[in-house]
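This note is addressed to a colleague who is beginning to read protein structures. Please keep the sequence and the model in view while going through the points below.

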Amino acid sequence: MKPINVFSLFDGMSCGQLALQKAEVPVGTYHASEIDKWAIKVTEKNFPWTFQMGDITKLEDWRLKVIRDEVGIDLVMGGSPCQGFSFAGKNLNFEDSRSKLFFDFVRVLKILKPKYFLLENVRMKKESQDVISEYLGVEPIAINSNLVSAQNRHRLYWTNIPFSIPHDKGIVLADILEDGVTDREKSHCLDANYFKGGNLKSYFEKHRRQLVFNNGGLTSSSVKKGKTPSLTPSSWQYNNYLVKKGGAIRGRYDKDGKIKQQLELRPDDKTNSLTTVQKDNVVVSGCIQVGEADIKGHDIIKRVYSPKGKAPTLTTMGGGHREPKVIVDELTWRKLTPIECERLQTVPDGYTEGVSNTQRYKMLGNGWTVDVVAHILKGIRHKEESEKITWSYDANGVAL
């Protein structure tokens, strides 16, 4: 097919150009509207021939008409800022200034009159979704990025490009990690604030900010790809200790008005309710169990203890893994690395290098899952190629 000319709004780090490459749709000219200088820097590093048009709200109609008349645009695409629509936000909808940028997409669409268009956005209230559908003349198609990546990322796509839902590639989170293990097959959705990191409460209660755990003494080479060690609520999800005496560490004001962390024991033999906060349920004495070894046998020989507690009573340990086991490294967690986030968004490793990690996290959280968009854009190539087919007929007028 012949190269197409593209106008991309809210272009970010130009996931659109990556998607076009993967879809094998040749590009003639690529005009991009973006205001984030760091995202533009990444785009210029990877696609130096991009025509940067600046702030779309300041791009006059007459300039758009010049592009239409002198260049001709075949595809307009974009993902207008979603904070005003998102269920995770305040649901301000079109009253939010960021959501109003959708109408700039409509303005550009009306002036440039492309053959194809694509708009991506988050799941939102039905009334907002219907307004967008009315302006664009099509209903959105919902796709979860987990079909083509290791990330749960629900998005809506309004387009006149013919395509079908992508098949599940079976990619799991363990496939994209540089090291460590996880307690789930798919990552929580990346957002622009991922650079702030996460904690257990946010991770398990709010289902936000994906965490990666250490191997509990295992080396990364000993963890089979696509598999993770068995994780138990006591050792991994909540990191609570199973002890003879329960307690918690609380912050209390001392006589000088300063907050000091102090141990508060329970009066009974119970433990506190399990929460995602480690200090809510801690060891005060006795053996501290932090996990279970992946070996056969009775539960008692599977127990793995922390070096911070006392050892269990020694026995004759007559073989069969009966010796007490102590964990080498305490279970800890970390946030995803920039490269791991690139993989979740199906972006090439190192694509966002050249700016700070904070900016990398932001633009990746704001970006598209490239393989989803590439799958949609393949519909352009298929349609263009099918329209070029010429039929031959025999003497009776039957197509050969």
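1. The buried residues of helix α1 are C15, G16, Q17, L18, A19, L20 and A23. The model under discussion is a predicted one. Seven of the nine residues of α1 are buried, so the helix is largely enclosed by the rest of the structure. C15 may serve as an example: its relative accessibility is 4%, and because buried means under 20%, C15 belongs to that class.

2. What do the buried residues of α1 pack against? Their partners are the strands β1, β2 (27-33) and β4, together with the helices α2 (37-46) and α11 (370-387). Helix α1 lies across β1, β2 and β4, and its direction makes an angle of about 160 degrees with β2. After the helix comes E24, which has a positive phi, near 60 degrees. As general background, an α-helix has 3.6 residues a turn, so residues three or four places apart point the same way.

3. The strands named above belong to an open sheet of seven strands, ordered β3-β2-β1-β4-β5-β7-β6, with mixed pairing. Its edges are β3 (51-52) and β6 (141-144), each of which pairs on one side only. In general, strands of a sheet pair through backbone hydrogen bonds, either parallel or antiparallel. Strand β1 and strand β4 (residues 75-78) are paired in the parallel sense, over four bridges. One residue to locate here is S8, whose bridge partner in β4 is M77.

4. The loop between β1 (4-9) and α1 (15-23) contains M13. Is M13 buried or exposed? Its relative accessibility is 2%, so M13 counts as buried. Leaving aside residues up to four places away in sequence, M13 touches A39, V42, T43, V347, Y351, T352, M363 and L364. The C-alpha atom of M13 is separated by 8.9 Å from that of D36, although the two residues are 23 apart along the chain.

5. Aromatic rings deserve a separate look, as the structure holds five aromatic pairs. One of them joins F47 and W49 in an edge-to-face arrangement, with 5.7 Å centre to centre and 85 degrees between the planes. F47 is buried, at a relative accessible area of 3%, whereas W49, at 52%, counts as exposed.

6. Another edge-to-face pair is made by F103 and Y135, because their ring centres are 5.4 Å apart and their planes stand at 75 degrees. F103 lies in helix α4 (residues 102-112) and Y135 in helix α5 (residues 126-136), so this pair ties together parts that are 32 residues apart in sequence. F103 is partly exposed, with a relative accessible area of 31%, and Y135 is also partly exposed, at 44%. Together with F102, these two residues form one aromatic cluster.

7. A final point concerns the cysteines. How many disulfides does the structure contain? The count comes to zero, where a disulfide is taken as a pair of cysteine sulfur atoms within 2.5 Å. In general terms, a disulfide is a covalent bond between the sulfur atoms of two cysteines. C15 is buried, while C189, at 30% relative accessibility, counts as partly exposed.

Methods. Residues numbered from 1 in each chain as written. Predicted model: local features only at pLDDT ≥ 70, side-chain atom pairs only at ≥ 80, totals over all residues. Heavy atoms only, no water. Buried < 20%, exposed > 50% of the residue type's maximum accessible area, 1.4 Å probe, protein only. Phe/Tyr/Trp six-rings, centres within 6.5 Å; stacked < 30°, edge-to-face > 60°. Helix = DSSP H or I, 4+ residues; strand = E, 2+ residues; numbered from the N terminus. Contact = heavy atoms within 4.5 Å. Pairing = 2+ DSSP bridges. Axes fitted to C-alpha atoms, helices over the stretch in contact; angles between N-to-C directions.
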